[in-house]
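The following note is offered to a colleague who is meeting this structure for the first time. It is arranged as numbered points, to be read alongside the sequence and the model.

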Amino acid sequence: REETNLRAIILIDCSRSMAYSSNGISKFTYACYLAASLAYLMVRQQDSVGMVIFDDKIRHRIPAKSSPSHLRDMLIVLENTEPSSRTGIAPTLHAMAEGIKKRGLIIIISDLLEDQGQVLRGIKHFRHNRHEVLIFHVLDRAELGFPFSGLTTFRDMETGERLMIEPQFFRREYLKMLDEFVKQYKRECAERFVDYLLADTSRPFDLLLASYLAKRARLG
């Protein structure tokens, strides 16, 4: 519980890559659960919360309010949104940073699968405008562990491009690149005082949120 009312905007990536699932729940569904839970907690606290759903452009934009009926409206939009089109994270971040005049909390929920430098510049734009930023980096367990074996065809969910490979010959290099990708986000976010959480979709989202909120409470 905060001592003063908070104003938050939740940005949710609904690009086609967010539809990926290897364990029954897609990255987008997981993102929706996180967004709905956070919105519920903030409305209960009488904080104002808004929502932006985007892929290569903004699909839905709901202004920040704090009423129970407003929460219902956000949940309906989440329920009726499906991942589509290609990713456009960085342009959306810059557009929102330019458009949000009042300082507040910006929550970004995405797989961040775009040019890393451009995404980080978008995050920096929010910090330059003195917003607090929280990032949930949502990845599937298969993306994190690359458990594939045997000759496998991989398809880019946004371009449709296909590639057939023997995963065993690429696993070590893939995991090394992924580790560097995640570490770069952690390092850059820490330098900019941005909260970064890696969200594995195989981990219950309530445990992830509870862990984060407990950490936030300890830090005051």
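Is Leu-112 buried or exposed?

1. Leu-112 is buried, because its relative accessible area is 1%, and the cut-off for that class is under 20%. The model under review is a predicted one. Leu-112 belongs to the loop that runs between β4 (105-110) and α4 (116-128). The backbone here deserves attention: Leu-112 has a positive phi of about 55°, although this residue is not a glycine.

2. A positive phi is also found at Ser-85, again a residue that is not a glycine, with a value of about 65°. Ser-85 sits in the loop between α2 (68-79) and α3 (89-99). With a relative accessible area of 18%, Ser-85 is classed as buried, since the class takes in values under 20%. The side chain of Ser-85 forms a polar contact with the side chain of Asp-56, at 3.2 Å. Leaving aside residues up to four places away in sequence, Ser-85 touches Ser-15, Arg-16, Asp-55, Asp-56, Arg-59 and Glu-158.

3. A further loop residue to examine is Asp-47, placed between α1 and β2 (48-54). Asp-47 counts as buried, because its relative accessibility is 1%. A polar atom of the Asp-47 side chain lies 2.7 Å from the backbone nitrogen of Leu-6.

4. Within strand β4 the reader will find Ile-108. Ile-108 is buried, with a relative accessible area of 1%. Apart from residues up to four places away in sequence, its contacts are Leu-11, Leu-93, Ile-123, Val-133, Leu-134, Ile-135 and Phe-136. For a sense of scale, the C-alpha atoms of Ile-108 and Lys-65 are separated by 18 Å, and the two residues are 43 residues apart along the chain.

5. Helix α1 (residues 27-44) contains Tyr-30, whose relative accessible area of 2% makes this residue buried. Which residues does Tyr-30 touch, not counting those up to four places away in sequence? They are Ile-25, Val-138, Ala-199, Asp-200, Thr-201, Arg-203, Pro-204, Phe-205 and Leu-208. Arg-172 is 142 residues from Tyr-30 along the chain, and 27 Å separates their C-alpha atoms.

6. The aromatic residues merit a point of their own. How many aromatic pairs does a search of the whole structure find? The search finds 8. In the pair of Phe-148 and Phe-154, the ring centres are 5.1 Å apart and the planes stand at 90°, so the arrangement is edge-to-face; the cut-off for that class is over 60 degrees. Phe-148 is partly exposed, with 23% relative accessibility. Phe-154 is likewise partly exposed, its relative accessible area being 23%. Ring pairs join Phe-146, Phe-148, Phe-154 and Tyr-174 into a cluster.

7. The largest pocket contains about 1,100 Å³ of space. Its lining comprises 26 residues, and those closest to the pocket centre are Leu-113, Glu-143, Phe-154, Asp-156 and Tyr-174. Phe-154 and Tyr-174 therefore appear both here and in the aromatic cluster, where ring pairs link them with Phe-146 and Phe-148.

8. Which elements give two or more residues to the lining of the largest pocket? They are α5 (141-145), β6 (152-155), β7 (162-165) and α6 (171-191). Of these, α6 gives the most, with 6 residues. By residue class, the lining of the largest pocket has 15 nonpolar, 9 charged and 2 polar members.

9. Helix α6 also holds Leu-175. Leu-175 counts as partly exposed, because its relative accessibility is 30%, a value in between the cut-offs of 20% and 50%. Beyond residues up to four places away in sequence, Leu-175 touches Leu-144, Gly-145 and Phe-146. Leu-175 and Phe-146 lie 29 residues apart in sequence, with 7.5 Å from C-alpha to C-alpha. Phe-146 is itself part of the aromatic cluster described above.

Terms used. Residues numbered from 1 in each chain as written. Predicted model: local features only at pLDDT ≥ 70, side-chain atom pairs only at ≥ 80, totals over all residues. Heavy atoms only, no water. Phe/Tyr/Trp six-rings, centres within 6.5 Å; stacked < 30°, edge-to-face > 60°. Buried < 20%, exposed > 50% of the residue type's maximum accessible area, 1.4 Å probe, protein only. 1 Å grid on protein atoms, 1.4 Å probe; cavity = no way out; pocket = protein on both sides within 12 Å on 5 of 7 lines; lining within 4 Å. Points joined across faces, edges and corners; volume = space filled by probe spheres on them. Helix = DSSP H or I, 4+ residues; strand = E, 2+ residues; numbered from the N terminus. Nonpolar A, V, L, I, M, F, W, Y, C, P; charged D, E, K, R; others polar. Polar contact = N/O pair within 3.5 Å; in protein donor to acceptor, adjacent residues only side chain to side chain. Contact = heavy atoms within 4.5 Å.
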